[in-house]
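Biologist: Before I plan anything around this protein, I would like a close look at a single part of it, set against the fold as a whole. Could you take one buried position and walk me through its surroundings with care?

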Amino acid sequence: MSRNAELKDDLARTVALAEALRHRKIMGSAAKSPSFLTRAGQWLVYALIRCVEGVLKLLPLTAIWWIGRFLGTVAYFVAGKYRKLALNNLRIAFGREKSEPERRRIAREHFKSLFANLLCGFKLPLMNEAEICRHVRSEGTERAQAAFDDGKRPILNLVLHASCWEILTQVPSMYVRGHKAGAIYQALRNPWLNSLVLRRREKLGYTLFDRQEGFNAPMKFMREAGQIGVLVDQHAGYQGLWCPFFDRLASTTTIAALMAMRTDAAVLPMMVYNDGPARWRLVCAPEVKSTDSSAESLTVAINVAVERLVREQPECWFWVHNRWKLPNPYFLLTNSSYRRGAAFPQGYDMSRLQPFELLIRSPNWLGDACMAFPMVRAIKRGRPDMKITVLGPDKLEELWLSMPEVSRYIAKPAKEGWFAVARRIKASGMHFDAAVLCTNSTRSTLEIWLAGIPRRVGYKGSFRVKLLNQIIREPATGGAKQHHAHRYLHIAKEIGADVDQPGLWDAGSPPASTDGTIRVGVCAGAEYGPAKHWPLERFAEVVNQISARHAQFRWELFGAPGEKEMGEKLSGMLQAPHENFVGKTRLSELIAKLRQCQLLLTNDTGTMHLAAALGIPTVSIFGSTCPIETGPLGDRHTVIQHKVPCSPCFERECPFGHYECMTKIAPEQVAAAVLKTAGITNG
């Protein structure tokens, strides 16, 4: 396929996808003719606008400008939603270089400029072109002449939402130099307003093209010495290319780049700046060029050029548009919905890229937290700008910080209240873009909601549905039980992660013994309750049996701080070389100790999941719980379970008092599993 054909096909697919999504949004209203009340409402809006125009026609343009600035001042204080949006956008764009008071000053000036230019934009179509030109001075329009002189080369003007952009439609004589002037429009839903705008554009000599009819006709027009303006949009959703805009990834439309490359057009940005009361400066900026003749590199270059123009007079830019809006549901860029992914300028310093700040609410238990590791790895790989902070119990801080994918940890004391946790999140100084909740409780969701994080993702839970704004659908299992790790990973999939990529489950291999010693960890406790405890004397019997026949075994006892007495008791039963670390290690020290072990003999404990997460083989004894849902995953692990009619009951204590699911497991069975896992076949 030729390069030209590839570009044509690319443009066709991009436009088709964009129009399909747009059509889906309006299908309900477009499927039938508007009702009488709808038509009446549209006519009233049209009549109101014509009345406003009638009043503005009587007023001098300068007076309208000052009236608009007054209304903009009022709007800044009244329109809290849009003020907040503008301030957030300015924080993204200038947070590293301008103080908060400076950004607030720009926001106030922006509202004044916006309303002044909006009102002037209503007045301009009522004036003749010569009269308007007296209020506008131009710069760089010789570039359009140069393109015409270069064999009537087509021009694609990048139209920017800045200052009074209505000027671009009203003074074509100031920047059209020999070309035929055209415009692509998107029809307004109000038929009276749409007809009015089209009549006025055609009166000024524009050839108009309805966007819904495709881009073949506009490109044919451009090839015949045409000049067309295309709106630059950094809110293109799944259809766009994610590239830096003020060092923050923004989904940017590639339509302008594709059209320019298909027609060999000169890409000339057009920027309007304020130049005094009711006066403007129209700038035709230098041509934007691709570095490698691809639509991706040209789109990246367009964002660079636009940013440079905005920086010259930031208050004129349209800050009340959410250019960095988070797509829903897929805000990770590895989802197949994103055809283009991310691209960066040649030689771009990635340290400049602003991070996408994600807060993950950790499960409260050590084992559950370990089972969330594959989810975190998948999420981390989902965006090049991803930065993960984990919120959870203070006891899990060292666990999460041992994971290279996690940048920060917010430790939450056990009895801290909702508002205190929310304040703790805010005090971190991070502006979180989204939060993913591994917990199902309403309390943990309320803490995130109170912290003001805009996107809150999680399973529906019980009473928290109103606090979430992206609910994860339950995975389709056909009624079969699902492992918790897969359940967590399903969250990552539903926000756009690739959960089938290699390495998500790869925790490495156990250390090889250098001196022939086989180091085995033993975790004979379980914080959950006695229903998870295999009898201590059975653990001792296994250790003593194996060591009596195999002198190379060394044993290390592990357990929680509250299990010190249990550790001393077990240690007293052993007749084999061992060290008792029960209740004596911090979590980071436990991780280091486990990494020195060749395997772990354990009950269903958090330490079991930790060992599995570290790549250490386990021999795990299950009683009241279900290994299908919470067992260690992978063929290097052995689960031993004695099935009884009442299991799994998930009780902390046996309701019948006999713990048959545990007592029926024989030491010989466990010892054989340990030897097999250790690679010893001569028992």
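Modeller: The secondary structure of this protein, which is a predicted model, comprises 25 helices and 21 strands. Its radius of gyration is 33 Å, well over the 26 Å that the globule rule gives for 683 residues, and the protein is therefore more spread out than a compact globule. Along the principal axes, the C-alpha atoms occupy a box of roughly 105 × 55 × 50 Å. Even so, 53% of the 683 residues are buried, and among contacts with a separation of 6 or more, 71% join residues that are 24 or more positions apart. The accessible surface amounts to about 30900 Å², and carbon and sulfur atoms account for 54% of that area.

For the close look I would take His179, which sits in the loop between α8 (167-170) and β3 (180-185). His179 counts as buried because its relative accessibility is 7%, and the cut-off for that class is under 20%. Its side chain reaches the backbone oxygen of Arg153 at a distance of 2.7 Å. Once neighbours within four places in sequence are set aside, the contacts of His179 include Ala144, Ala147 and Phe148, then Lys152, Arg153, Pro154 and Ile155, and also Ala225, Gly226 and Gln227. Arg153 thus appears both as the partner of the His179 side chain through its backbone oxygen and as a member of this contact list.

Two other buried positions can be set beside that one. Ser113 belongs to helix α5, which covers residues 100-123, and with a relative accessible area of 1% it is buried. The side chain of Ser113 makes a polar contact with the side chain of Asn274 at 2.9 Å, and Asn274 is also listed, together with Arg69, Glu315 and Cys316, among the residues that Ser113 contacts beyond four places in sequence.

Leu332, in turn, lies in the loop between α12 (295-312) and β10 (356-361), and its relative accessible area of 0% makes it buried. Leaving out residues up to four places away in sequence, Leu332 touches Tyr338, Ile379, Gly382, Arg383 and Met386, as well as Ala492, Ile495, Gly496 and Ala497. As a reference for distance, Leu332 and Thr681 are 349 residues apart in sequence, and their C-alpha atoms are 47 Å apart in space.

Key. Residues are numbered from 1 along each chain as its sequence is written. This is a predicted model: local features need pLDDT of at least 70, side-chain atom pairs count only at pLDDT 80 or more; totals for chains, interfaces and linings use all residues. Side-chain values use heavy atoms; hydrogens and water are left out. Helices (H or I, at least four residues) and strands (E, at least two) are DSSP runs, numbered from the N terminus. The radius of gyration is taken over C-alpha atoms; the globule rule is 2.2 Å times the number of residues to the power 0.38. Buried means under 20% relative accessible area, exposed over 50%, partly exposed in between (1.4 Å probe, protein chains only). Contact means heavy atoms within 4.5 Å. Accessible areas come from the Shrake-Rupley method with a 1.4 Å probe; for residues, only the protein chains shown count as cover. A polar contact is a pair of N or O atoms within 3.5 Å; within protein, one must be able to donate a hydrogen and the other to accept it, and residues adjacent in sequence count only if both atoms are side-chain atoms.
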